[in-house]
Amino acid sequence: MQIRESAEMYLETILVLSKKGPVRSIDIAREMGFSRPSVSVTIHNLAAEHYVKIEEDGTITLEDKGREIAERIYERHLVLSAL
């Protein structure tokens, strides 16, 4: 399944932030420089497609297919940065 570049950016951001601790919408908004409402809409759309899961306490975790995409994009960025 093909997803948009913006969704890939969200997934990668969640992956990177999750390495530091629990991830919430406000963390994503701050990291990406987006408004919290726009982040909330996108996260809910990603959850509806089973890329992320929104826990009862508001933390956001990657589902398996979301993690797969996020790791691929993150690895690509690391390789390009190394060059």
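**Exercise 1. Compare the reach of helix H4 with the reach expected for its number of residues, and find which way its buried side faces.**

Solution. In this predicted model, helix H4 has 19 residues and reaches 27 Å from its first C-alpha to its last. That is close to the 27 Å expected at 1.5 Å a residue.

Next, list the buried residues of H4: Gly-66, Ile-69, Ala-70 and Ile-73. Seen down the axis of H4, these buried residues fall within an arc of 95°, so they line one face of the helix.

Then look at what lies over that face. The cover of the buried residues of H4 includes H1 and S2.

Finally, turn to the other side. The face of H4 turned away from its buried side carries the exposed residues Asp-64, Glu-68, Glu-75 and Ala-82.

**Exercise 2. Place His-77 and state whether it is buried, partly exposed or exposed.**

Solution. His-77 is in helix H4, which spans residues 64–82. Its relative accessibility is 37%, so His-77 counts as partly exposed; the class lies between the cut-offs of 20% and 50%.

**Exercise 3. Glu-12 is a charged residue. Determine its surroundings and which side chain of opposite charge is nearest.**

Solution. Begin with the position: Glu-12 is in helix H1, residues 5–18. Glu-12 is buried.

Now search for a partner. The nearest side chain of opposite charge is that of Arg-76, 8.5 Å away. A salt bridge needs a distance within 4 Å, and Glu-12 has no salt bridge.

Last, list the contacts. Leaving aside neighbours within four places in sequence, Glu-12 is in contact with Ala-70, Ile-73, Tyr-74 and His-77.

**Exercise 4. Find how the buried residues of helix H2 are arranged and what covers them.**

Solution. Helix H2 covers residues 25–32, and its buried residues are Ser-25, Ile-28, Ala-29 and Met-32. Viewed down the axis of H2, they fall within an arc of 100°, so they line one face of the helix. Their cover includes H1, helix H3 (36–48) and strand S2 (60–62). After H2 comes Gly-33, whose phi is positive, near 75°.

**Exercise 5. Describe the setting of Leu-62 in strand S2.**

Solution. At 11% relative accessibility, Leu-62 counts as buried, because buried means under 20%.

For its partners, set aside residues up to four places away in sequence: Leu-62 then touches Leu-11, Ile-14, Leu-15, Tyr-51, Val-52, Arg-67 and Ala-70.

Take one of these partners, Leu-11. Leu-62 and Leu-11 are 51 residues apart along the chain, and their C-alpha atoms are separated by 7.5 Å.

How values were computed:
Residues numbered from 1 in each chain as written. Predicted model: local features only at pLDDT ≥ 70, side-chain atom pairs only at ≥ 80, totals over all residues. Heavy atoms only, no water. Helix = DSSP H or I, 4+ residues; strand = E, 2+ residues; numbered from the N terminus. Buried < 20%, exposed > 50% of the residue type's maximum accessible area, 1.4 Å probe, protein only. Contact = heavy atoms within 4.5 Å. Arc of directions from axis to C-beta. Expected span 1.5 Å × (residues − 1).
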